[in-house]
Amino acid sequence: MEQRVVGRSGLRVSRIGLATHTWGRETDPDDAAVQLVAFVEAGGTLLDTSPAYGGGAAQRILGELIGELVPRHDLVLSGCAGITPVPVTDPDGAPAAEPRWRVDASRRTLLRQLDQTLTELDTDHLDIWSVAAWDPHTPLDEITATVQDAVQSGKVRYGGVRGLDAWQLATMACAAPITVAQTPYSLLARGVEHDIVPAAQHHGLGLIATTPLAWGILTGKYRDGVPADSRGADDIGGGQIRDRLDEHSDRVVDALITAADGLGTSPLAVALAWVRDRPAVASLIVGARDMGQLTGVLAAETLELPHAIAAALDDVSSI
């Protein structure tokens, strides 16, 4: 798998990264182990985790696999801190299956979660450590000083941010030692090209694209309705998917299917190849519930889109 330099740093990552957000929820430890080995054997290095994934289970599962199945030095570990769970209950009084989350980027919480992540992953450092969200209730000086201290301590190699608006990204980039910006980016989420991408390029940051398949919409599986066993059918999290199933997404998916048929590949691979090669994108991260899905993701690595197809996708997805 091709390795890319992140922004104006010396950090190199695989241009496709593996997200672990399904681990401990939809992906059990055995399947996670199979995915990790296959990903590394394919040349993948960038592995993304978070205290929020799987209610905390993802980090623990990953920690049990690092060293046992895959050497730590073969991985670029990306983690984050700054959101904490808020316990909620169902109407019957039982704990809800999915907790709510609140932003807390205080020094206390950031460093506590960093130490927890290092302990659970059984490592002495993270290659990338990001502030998970913008926190309007914590002074910016406190946040930036915490990131600086984490880098200087050696616990963090490169700082980053996740999911910020352009002005927030620029503000952080001017005040903190950050190298990486994670942001949603796909054929159905191109708004970042107007502000986030130019801000990242100006400040020398490398972009890591998240949700590059737009919650699975760009795979084409929702083209003829919402399958009963899909995330879109879920009462809790499926609303954001169903809200995006409109005429625009239909046109984009139709174009992907046409392109995939002509190239002898899948709409998934075409969608990933498109975002992978956008300006300032160092890598994309995508999760897989099982090995079958991961195989489809890895197939995108060898796909190079002809200019005419990339241009056609640009046209049909612009709004």
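**Aromatic pairs, salt bridges and a charged patch**

Two aromatic pairs are found in the structure, which is a predicted model. A pair of aromatic rings is described by how far apart the centres lie and by the angle of the planes. In one of the pairs, W134 and W167 meet edge-to-face, with 5.1 Å from centre to centre and 65 degrees between the planes. W134 sits in the loop between β8 (126-131) and α4 (140-153), while W167 belongs to helix α5 (residues 166-175), so this pair ties together parts that are 33 residues apart in sequence. W134 has a relative accessibility of 23% and therefore counts as partly exposed.

Y185 and W274 also form an edge-to-face aromatic pair, with centres 6.0 Å apart and planes at 80 degrees. Here, too, distant parts of the chain are linked: Y185 lies in the loop between β10 (178-184) and α6 (196-203), W274 lies in helix α9 (residues 267-276), and the two are 89 residues apart. Both Y185 and W274 are buried.

Attention now turns to charged side chains. The structure holds 18 salt bridges, among them one between E2 and R4, with an N to O distance of 3.9 Å. E2 is partly exposed at 39% relative accessibility, whereas R4, at 15%, counts as buried.

Another salt bridge joins E304 and R15, at 2.9 Å from N to O. This pair links distant parts of the chain, 289 residues apart: E304 is in the loop between α10 (291-298) and α11 (307-317), and R15 is in the loop between β2 (12-14) and β3 (16-19). E304 is partly exposed, with 46% relative accessibility, but R15 is buried, with a relative accessible area of 4%. The residues of both bridges belong to a network of salt bridges that links E2, R4, R15, R276, D277, E301 and E304.

A salt bridge also connects two helices. R107 pairs with D149, and their closest N and O atoms are 2.9 Å apart. R107 is in helix α3 (residues 107-121) and D149 in helix α4, which places the partners 42 residues apart. Both ends are partly exposed: the relative accessible area is 33% for R107 and 30% for D149.

Finally, where does negative charge gather on the surface? A negative surface patch is formed by D28, D30, D31 and D290. Within this patch, D30 is located in helix α1 (residues 29-41). With a relative accessible area of 59%, D30 counts as exposed, because the cut-off for that class is over 50%.

Notes
Residues numbered from 1 in each chain as written. Predicted model: local features only at pLDDT ≥ 70, side-chain atom pairs only at ≥ 80, totals over all residues. Heavy atoms only, no water. Patch = residues over 30% accessible without salt bridge, like charges linked within 9 Å, V, L, I, M, F, W, Y side chains within 5 Å. Areas by Shrake-Rupley, 256 points an atom, 1.4 Å probe, with all protein chains shown as cover. Salt bridge = Lys/Arg side-chain N within 4 Å of Asp/Glu carboxyl O. Lys, Arg positive; Asp, Glu negative; His and termini not counted. Charge placed at Lys NZ, Arg CZ, Asp CG, Glu CD. Helix = DSSP H or I, 4+ residues; strand = E, 2+ residues; numbered from the N terminus. Buried < 20%, exposed > 50% of the residue type's maximum accessible area, 1.4 Å probe, protein only. Phe/Tyr/Trp six-rings, centres within 6.5 Å; stacked < 30°, edge-to-face > 60°.
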